[in-house]
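Biologist: Please take a close look at the empty space inside this protein, and at the helix packing around it. How much space lies in the largest cavity, and which residues line it?

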Amino acid sequence: RARLQANLATEIVFVEPLHIRRALLDEALVVARESGDPATLAHVLISRCVALWHPSTLGERLEHGVELEGLVPGLGDLHLGYFTNWYQYAALVEAARIADSDIVLARCAEYAANLGQAMPAWTQTFTLAGRAFLRGDLESAERLAEQTLEVGTRGGQPDAALYYGVILLM
C-alpha cells in the first residue's frame, strides 16, 4: 500500500498507454478501498483523475468528483479539499456543465483563501483566467493572466511563464 501511495502521483502519470494506467489505478483503488482510510482513498481518486485524464474517461472522473466531494469534509485537509474540488471543476467544464462548475470553482476559491499557500493560489488564478476566457471576458482573462505570472513567479512555480503564455494565446 505504501509503495502504491508513493508512486501514484509521480510514476503512474508517465506510464503509457491508457489501459496500462487504468490497470494500475484499478489495483490502487481496490487497495485504497480495502484500507478503510478515507485520506488514502481520496489521494487515489485524485490520482485517477490526473492519470486517466482523457475524453473517454469523463464519466468516471465526474463520478470520482462526486465521491471525493463526500470524502473531503471529514478529512479536515484544506489542501486535499482544494485539489479535490479543482479536479471536479475541470471535469464539469469538460462536460459543459458550466453552472455546476461555477459552484465548485467558488468552493475552490474558499479553500485557496483559507490555505494561503502558493500552489493553490497560483492554480486558482490561472483557473479564474480560463473561466473569464470561457465567459468571453477577454479583458479580465488578460488581467488574470498577468496575476497568474506574478503569483506563480512569486511562489516559485517553474511553469508560471508557460501558463501565462497559454492564457494569452487563448
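Modeller: About 40 Å³ of space lies in the largest cavity of this predicted model. The structure holds two cavities of 30 Å³ or more. Cys49, Trp53, Arg61, Tyr87, Ala90 and Ala91 line the largest one. By class, that lining has five nonpolar residues, no polar residue and one charged residue. Helix 5, residues 78-94, gives the largest share of the lining, with three residues.

Two of these lining residues, Arg61 and Ala91, return in a helix contact. Helix 4 spans residues 58-75 and packs on helix 5 at an angle of about 155°. Their axes are 9 Å apart. An angle over 145 degrees counts as roughly antiparallel, and that makes helix 4 roughly antiparallel to helix 5. The crossing of helix 4 and helix 5 is left-handed. From helix 4, the contact takes Leu58, Arg61, Leu62, Gly65, Val66, Leu68, Glu69, Val72 and Leu75. From helix 5 come Leu80, Gly81, Thr84, Gln88, Ala91, Leu92 and Glu94. The residues of this contact divide into nine nonpolar, four polar and three charged. So Arg61 and Ala91 belong both to the cavity lining and to the contact of helix 4 with helix 5.

Helix 5 also packs against helix 7. Here the angle is about 20°, and the axes are 11 Å apart. Angles under 35 degrees count as roughly parallel, and helix 5 and helix 7 are therefore roughly parallel to each other. Helix 5 passes helix 7 in a left-handed crossing. His79, Tyr82, Phe83, Trp86, Tyr89 and Val93 are the helix 5 residues in this contact. Helix 7 answers with Met119, Pro120, Thr123, Gln124, Phe126, Thr127, Arg131 and Leu134. Sorted by class, the contact has nine nonpolar, four polar and one charged residues.

Helix 7, residues 118-135, has a further partner in helix 9, residues 160-169. The two pack at an angle of about 10°, with axes 10 Å apart. Helix 7 and helix 9 are therefore roughly parallel to each other. On the helix 7 side, Trp122, Phe126 and Ala129 make the contact. They meet Ala160, Tyr163 and Ile167 in helix 9. This contact has six nonpolar residues, no polar and no charged ones. Phe126 takes part here and also in the contact of helix 5 with helix 7.

Next comes an open space. The second largest pocket holds about 320 Å³. It is lined by 15 residues. Closest to its centre are Trp86, Tyr89, Phe126, Thr127 and Gly130. Helix 5, helix 7 and helix 9 are the elements that give two or more residues to this lining. By class, the lining has eleven nonpolar, two polar and two charged residues. Trp86, Tyr89, Phe126 and Thr127 sit by the pocket centre and also in the contact of helix 5 with helix 7.

To sum up, helix 5 gives three residues to the lining of the largest cavity. Helix 5 also gives two or more residues to the lining of the second largest pocket.

Technical notes:
Residues are numbered from 1 along each chain as its sequence is written. This is a predicted model: local features need pLDDT of at least 70, side-chain atom pairs count only at pLDDT 80 or more; totals for chains, interfaces and linings use all residues. Side-chain values use heavy atoms; hydrogens and water are left out. On a 1 Å grid over the protein atoms alone, a cavity is a set of points where a 1.4 Å probe fits but cannot get out, and a pocket is an open set with protein on both sides within 12 Å along at least five of seven lines; lining residues have an atom within 4 Å of a point. Grid points are joined across faces, edges and corners, and a volume is the space filled by probe spheres set on the points. Helices (H or I, at least four residues) and strands (E, at least two) are DSSP runs, numbered from the N terminus. Ala, Val, Leu, Ile, Met, Phe, Trp, Tyr, Cys and Pro count as nonpolar, Asp, Glu, Lys and Arg as charged, and the others, Gly among them, as polar. Axes are lines fitted to C-alpha atoms, for helices over the stretch in contact, and angles run from 0 to 180 degrees between N-to-C directions. Angles under 35 degrees count as roughly parallel, over 145 as roughly antiparallel, 65 to 115 as roughly perpendicular and the rest as oblique. Contact means heavy atoms within 4.5 Å. A crossing is left-handed if the near helix is turned anticlockwise from the far one by less than a right angle, and right-handed if clockwise.
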